[in-house]
Amino acid sequence: MNEGTARESSCLDDYDPQALSTEEALARILESTVAVGVVERVTVRAALGRILATDVRSGIDVPAHTNSAMDGYAVRSDDLGPGKTLRLAGTSLAGRPHAGGMGPGECVRIMTGAVMPAGADTVVPQEFTRREDDLVQIVDGRFAHGDNVRAAGEDIAAGQVALDAGRRIQPADLGLLASLGVVEVAVYRRLRVAFLSTGDELRSLGETLGPGDVYDSNRYTLYGMLVALGVDVVDMGVVRDVPEDLREAFAKAGECADVVISSGGVSVGEADFVKETLGAVGRIQFWRVAMKPGRPLAYGRIGPAVFFGLPGNPVSVMVTFYQFVQPALRRMMGETHWLPLSVRAVSATRLKKRPGRVEYQRGVLERAPDGTLMVRRTGAQGSGILRSMSDGNCFIVLPMDSGDVEPGTPVDVQPFHGLLG
Ligand code: AMP
Ligand code: MG
């Protein structure tokens, strides 16, 4: 009877007592990866996408001078009475400051970004004034001391940290660095990542498919994900399921790269074979992770290089890369914040799911007409159906214990664009 119950529950769920949770697998990976830590100096534009190795402190106040935020008239706040008429003492343009002074009862015509003349503390926008020759009347009394003025050092004061070490440099940061007059920054050296595919059935582009053959797509998705991450890549090609070839390829990859990634050959039928091969060149552990897709995963070292043996199915490769490899690479690159963006969205459809594994279903995240974030699954979710990734713009992350999800239920979503966020 007991046996019957056990069999019945195993049909309804996916629990595997020997499997690691995704959190445990990631924690084990992260605790054994360290930042490469080698620093080089690059010019500002070359720093895009690189990881900043030291804090950048500003050598100047930004803005450097107290200046106007509007086109109008620079005045003394004492002179701000409604209907007050002031004498025009000169003009201050961006890059061409007013040279003379500005006494009580006077004003200076000023443009956005132009330096505030000595004595002035407030700008009255042009539309609240009336001018006749060199007399300017303030037609509105709503302005107070300091209005429409940007103080020197208000954005960043001299000596203040403008960008923190460990940051992935974004387009806005290039502009910020330029605004500080910074010419070069210290960044961590690029990581070198070698990757290869394993399988007798795999053919490279340009080859003809024989019976049972498939084109190798994993080296293309891996290439794309790695280049987007900003690492140097070494494509080691396809390796046949021949122990000697594998041993040689892994050893070579371990010598030329910081990280080696393989795909295929880690599922149950092949694990022993790859295990035996890798045992000769490195220290590798084989894990079953409670996730779908991507249950089998190998992790360890080939010489000094970190090794990831990803499953062969095309979607599994991408899921395990984003969930485990990318965080580890980001840590090795010296990046401090590498958590992907996660948002809540309402499931538009029913999601089939068995308890026991975390599922990374592929979805399309979009705003409903009422503004709600909704997510719907892309078509068939098989781990070999790359189309499900291509059609999607996010992972729908369903927790281990969750069963089927009914329409209208909020779910966690990782937008693909936020995976580097
Ligand atoms: P494996 O993990 O080696 O058992 O492979 C699982 C499935 O993924 C098999 O159907 C393989 O043909 C397929 N596969 C493995 N590697 C690749 C690859 N590089 N490109 C496309 N499909 C692959
Ligand atoms: Mg294989």
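Select phenylalanine 143 first: with a relative accessible area of 12%, this residue counts as buried, and since the model is predicted, this value, like the others on the tour, is a computed one. Now add phenylalanine 128, which is likewise buried, at a relative accessible area of 19%; that assignment holds because buried means under 20%. With both side chains shown, look at how the rings meet. The structure holds eight aromatic pairs. Phenylalanine 128 and phenylalanine 143 form one that is edge-to-face, with 5.1 Å from centre to centre and 70° between the planes. The pair links distant parts of the chain, since phenylalanine 128 sits in the loop between β7 (122-125) and β8, while phenylalanine 143 sits in the loop between β9 and β10, 15 residues apart.

For another aromatic pair, select phenylalanine 250 and phenylalanine 307, whose rings are also edge-to-face, at 5.4 Å centre to centre and with 85° between the planes. Here a helix is linked to a strand, for phenylalanine 250 belongs to helix α5 (residues 243-256) and phenylalanine 307 to strand β21 (residues 305-310), and the two are 57 residues apart. Both phenylalanine 250 and phenylalanine 307 are buried.

Next, select Phe321, Tyr322, Tyr360, Phe395 and Phe416 together, and you will have a cluster whose members are linked by ring pairs. Keep Tyr360 in mind, as this residue returns at a later stop, among the residues closest to the centre of the second largest pocket.

The tour now turns to the backbone. Which residues does aspartate 133 lie between, in terms of strands? Aspartate 133 is in the loop between β8 (129-132) and β9 (135-138), and its phi is near 50°, a positive value in a residue other than glycine. Aspartate 133 counts as exposed, because its relative accessibility is 68%. Move on to asparagine 148, which is not a glycine either and has a positive phi of about 60°. Asparagine 148 is found in the loop between β9 and β10 (149-150), and counts as partly exposed, at 22% relative accessibility.

Two peptide bonds deserve a selection of their own. Show valine 62 and proline 63, which are joined by a cis peptide bond with omega at about -5°; proline 63 lies in the loop between β2 (56-57) and β3 (67-68). Then show lysine 292 and proline 293, where a cis peptide bond again has an omega of about -5°, and where proline 293 lies in the loop between β19 (291-292) and β20 (296-302).

Now colour strand β22 (residues 343-347) and strand β26 (residues 410-415), which run antiparallel and are joined by four bridges. To see one such contact, select valine 346, whose bridge partner in β26 is proline 410. β22 also pairs with strand β24 (residues 373-377), this time in the parallel sense and over two bridges, and serine 347 stands opposite valine 375 in β24.

The last stops are open spaces. The largest pocket holds about 900 Å³ of space, and to find its centre you can select Pro296, Pro311, Asn313, Ser316 and Ser383, which are the closest to that centre of the 46 residues in the lining. The elements that give two or more residues to this lining are β15 (214-215), α6 (268-281), β18 (282-288), α7 (314-332) and β23 (358-367). By residue type, the lining of the largest pocket divides into 13 nonpolar, 16 polar and 17 charged. Colouring by domain is useful here, as the lining draws at least three residues from each of domain 1 (22-37 + 191-332) and domain 4 (343-420).

The second largest pocket holds about 460 Å³ of space. Of the 20 residues that line the second largest pocket, Thr22, Gln323, Tyr360, Val397 and Gln414 are the closest to its centre. Its lining receives two or more residues from each of α2 (22-31), α7, β23 and β26, with the largest share, four residues, coming from α7. The residues of this lining divide into 13 nonpolar, five polar and two charged. Domain 1 (22-37 + 191-332) and domain 4 (343-420) each supply at least three residues to the lining of the second largest pocket.

Notes. Residues numbered from 1 in each chain as written. Chains lettered and ligands numbered in written order. Predicted model: local features only at pLDDT ≥ 70, side-chain atom pairs only at ≥ 80, totals over all residues. Heavy atoms only, no water. Buried < 20%, exposed > 50% of the residue type's maximum accessible area, 1.4 Å probe, protein only. Phe/Tyr/Trp six-rings, centres within 6.5 Å; stacked < 30°, edge-to-face > 60°. Pairing = 2+ DSSP bridges. 1 Å grid on protein atoms, 1.4 Å probe; cavity = no way out; pocket = protein on both sides within 12 Å on 5 of 7 lines; lining within 4 Å. Points joined across faces, edges and corners; volume = space filled by probe spheres on them. Nonpolar A, V, L, I, M, F, W, Y, C, P; charged D, E, K, R; others polar. Domains from an automatic or database assignment.
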